[in-house]
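Colleague: Got a minute to go through this model with me? I'd like to talk about charged side chains.
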Amino acid sequence: MEELLKEVVLSEHRKQQIDSFIQTVTKLIQTVPKTPKVEVNDMSWLSGAVKVPFLLLPKTTKGKFCMAPPASVDLIGSYALGTCIKPHIRVDMAVTLPAEVLQPKDFLNQRYPRKRALYLAGLAQHLQSSSEVVTLRFSCLHGNRLRPILLLTPSGKDSSSFTVGVHACLPPGYFKPSRFHPKRNNIRTEWYTGLKTSNPESSEPPTPHYNNSILGDLLPRSHLQFLSAVSSKCSAFADGVALLKVWLHQRQLDQGAGCFNGFLASMLLAYLLISHRISSTMTAYQLLRNSLNFIASTDLTVSGISLAKNPDPTAPSLADFHDAFQVVFVDPSGHLNMCADVTACTYKQLQHEASVSMHFWDDPSVDGFHCLLMTPKPMIRTSDHVFQLCDLVKLQSSCKKQNLLCELMDHSGDYIHTALPFILSLLQRGLGQRIHLLAHSLTPSPVWSVESEAPKYKTQPPLSFGLLLNPEISAAVLERGPPADSSKVPEFRQLWGPRSELRRFQDGAITEAVLWEGKSMYQKRLVPKQIITHLLQLHADIPESSVRFVGALVDDVVKMGREVPSTGEEESLVVVQSYDDLSRKLWKLEGLPLSITAVQGAHPALRYTQVFPPEPLVLDHSFFDRDKISRSLVPKDVKPCPQYITPITVICHMEGSGKWPHDRLAIRHIRAAFHISLAELLKKDHNYTCRPCPTHLDVWKNGLAFRIQVAYHREPQVLRERVTAEGLLVVRDNEEAQALEMATIHKPLLTSMLHGLQQQHPCFGAVCRLAKRWLAAQLFSDEITEDAADLLVASLFLQPAPFTAPGSPQVGFLRFLHLLSSFDWRNNPLVVNLNNQLTAADYTEIKNDFMASRDSLPVMFLATPKDKKLSLWTRRAPSIQMLQRVMMVAAESLKVLECQLMDGSQMQDVRVVMRPPLEAYDVLIHLNPNQVPLLGQAVDPPAVTFNRGVVPNGAPQSGGPLPVIDYNPVTLYLMELREAFGDLALFFCDPYGGTVISVLWKPKTFVSAPFKTSQITARTVEVMGEEVKTIPNFGAILEDFRVLGKGLVKSVEAKTEKWAF
């Protein structure tokens, strides 16, 4: 905390620079020349260069105006209070309009706001001639167009370090505050519409937002005095506000129209202090904690709060404020609602964020400080689904359709913020229980040159909306309404329009209902999109073409299914169901010498995380040759490579018995005998085609291939035991025992745990598939294995702080990229608390052991409840160099992808993050597409497809001849390349349909070595005087690449210009 505060608080040197510039600007402003009085609509006194920072709607109003030196120039805001923080330093100055500029009735019909804008234009014209001020721009206060401000930046090297905002303000007490009661009208309908009306003032609609805007200009000095008095009683006040501002900034809640800005943060702390909810002796940390706790537990949309101790009798009541505004927080005067522009949705989002922060604050498994104040939470990474309203001018017709003229008048023609509360309320009603939270972006305050016209409302960036889904019902295709005889039927029909119809259900009930489209999980996830587009079209006249839904764009890269598009959930379920059936049949087998004690899945498809789950196949027998002995189907040389058939690994544990031998070879023979026995029994009882092997048994069941491996629990121990020549029993760990333990114990256990996680979080599997597809496409799948990737994704669901658990595949994938790129792998273990088995003591133990043995541990350390010290899943890879590259590519992919998703003006192609930069490699081996069996799974699948010996839409059977299982020429070729040239080069390929193998020479490859007959492979001899050395024979190596891959390799491209000899 202390370090953070040092980073954000202004240095003395910076304060001196600011003070010096403020003095200069104050002197310049005080010398503004006087001009003669003219009609307020006459702007001829302004030079043509400077424009008025105001949208003149309607064109004219009454009143006189002249320029004159200000009555006073004062510092206001956070800099004057001492709570201004970096990086965006804004210093606010209040320039009080002189009395001769104003008239008693200026509160009416935008007269004062226009005079304020004219005065700022006059100041801009005057300051243009100064060499001290380098740029002059207009903006408006928190997006409120009635309150323009003049932004100044100094010349010289300080030009980008801070900005001065000049506010034109009313003299204190110039208008009676009671004139701006939220139930009073100060914009006349006749003036605004130009249509003659005979309405008396009492029947005019109230203009609470307009009134609040003008009232805000009467009170900035009194607010500063109030905050100064409160902060003087609490030494940590400035630091507490600074921390609260950082917290708000990381959540994008502190900038733009309707934000919860630094001023509100200061006022909130002041309220807590004067109401004795916090003590003046508390530290900044305690102030922040108590503030968040108060926000989380206090709903200002229902019960507002007030800083006014003894408000005068004319001040509105809290009920009056609640009638006019969605969120109520009243200032010390009792007349101003400081949260007038904050929507109920924004406050609910603020509450949600505070609640989430409080939830993980005391969690020992979370780095609370980092999550709370150091992790940015952009909407695209926080919300499960995001959509944008692009054509904002369409909101004009929304206002018209909903008859929002009074509200439009109140907002002075700002149709966006007039329609926004209505649209939010509509979506909230329509989405109902499907969402936990509806958030919207805060329109940034426009900034424009003083020589440009004020930008129109339609030029604002698209409005973005974020949905936090309730995963249990967000994808439900049926919206069940009230019974046919209920009084609520008209309301339901009014909401859903023609989509609502009477339906009879199986329980006999007849109710109104709306049925949305969606057969696969991929389609059902988009039900919220259907609801949103339907409601906006029906009630707000916003066509579907103006709604840009970016909630599931990335899902397309793992899309499967020909008739019904899917992201693998349905296919995974078919595999799991087939495995469950096989498991039951294995348990029931009779006639085995030993009984089965456990059947466990050990394949990613059985935990829903296989990138492209195996699909049941019906093989075209005419495509294959028959093996003469086994009658199995074997590929023909002249045909394309047949469809790849994934072996789904199943571990079958046999009971322990004294009859098991203690010799490793004998155990293997017994296991082979079990494989033969299982094959015979499965053939006899269920007519499954089986092929037993010494290491496994392949079973062809319903078009899927299951690879059963018999396991004996003591075999790893037997592999570790060795008897010396002296007859001593020595136990020593070795690679073979570790590999067997991994295959028969750790992988099945991991599969079981992650299968359970999928049951809790329906999108876990889809996030894993996206993450692993990205790793494979960027050629990292050999560095971060499938199991390690699944654990990385699991950590996002088990410890999502500062977020909530991902509710859609896309947001989970974005957080996966963020985790990879930003986690401090050097100094921290990533703890994956599967089944919530780890206690606070375990976390401490893991961290201490990690720090004590850091140098001997893997560079990427993943700890689980069953693996606290070794990080079994990352023991062999990645290396330091590869992890650094993974982090760099992940950071760049995240940046590009988030920009693609949020910026509708960009060419929309999210697959760009799946295309690896091949220019970094030394040699590219191009493969024949017809010999790449998984070509259809490529990031950019080719238009031409090859017949792979599969009958489309056939009904899978269990009997018949067995195909060649696990036959992938690309994988086999890669193994040969690594075996032959692994000491000279690294080989990379996308396992999912990649047609290029990328080769990177190792640095030592180019170093000449002394001649040794044992090290002459792939090298040529070079005689230099007396010395005989060997250097790599690159020509021969490239030729060997071709020879080894004959029939598979199309060409070898050597990028010799990159080779560093």
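Colleague: First up, is E100 buried or exposed?

Modeller: E100 is partly exposed, at 31% relative accessible area. Buried means under 20%, exposed over 50%, and partly exposed in between, with a 1.4 Å probe and protein chains only. This is a predicted model, where local features need pLDDT of at least 70 and side-chain atom pairs count only at pLDDT 80 or more, while totals for chains, interfaces and linings use all residues. Residues are numbered from 1 along each chain as its sequence is written, and side-chain values use heavy atoms, without hydrogens and water.

Colleague: What does E100 form a salt bridge with?

Modeller: With K34; the closest N and O atoms of the pair are 3.7 Å apart. A salt bridge here is a side-chain nitrogen of Lys or Arg within 4 Å of a carboxyl oxygen of Asp or Glu. The two partners sit 66 residues apart in the chain. K34 counts as exposed, at 58% relative accessibility.

Colleague: How many salt bridges does the count come to?

Modeller: 51 by that rule. One of them joins D782 and R978, with closest N and O atoms 2.6 Å apart.

Colleague: Switching topic: what about K1055, buried or exposed?

Modeller: K1055 is buried and has no salt bridge. The nearest side chain of opposite charge, E1053, is 4.8 Å away.

Colleague: So which backbone oxygen does the K1055 side chain reach?

Modeller: That of L918, at 3.3 Å.

Technical notes. Lys and Arg count as positive and Asp and Glu as negative; His and the chain ends are not counted. A polar contact is a pair of N or O atoms within 3.5 Å; within protein, one must be able to donate a hydrogen and the other to accept it, and residues adjacent in sequence count only if both atoms are side-chain atoms. Helices (H or I, at least four residues) and strands (E, at least two) are DSSP runs, numbered from the N terminus.
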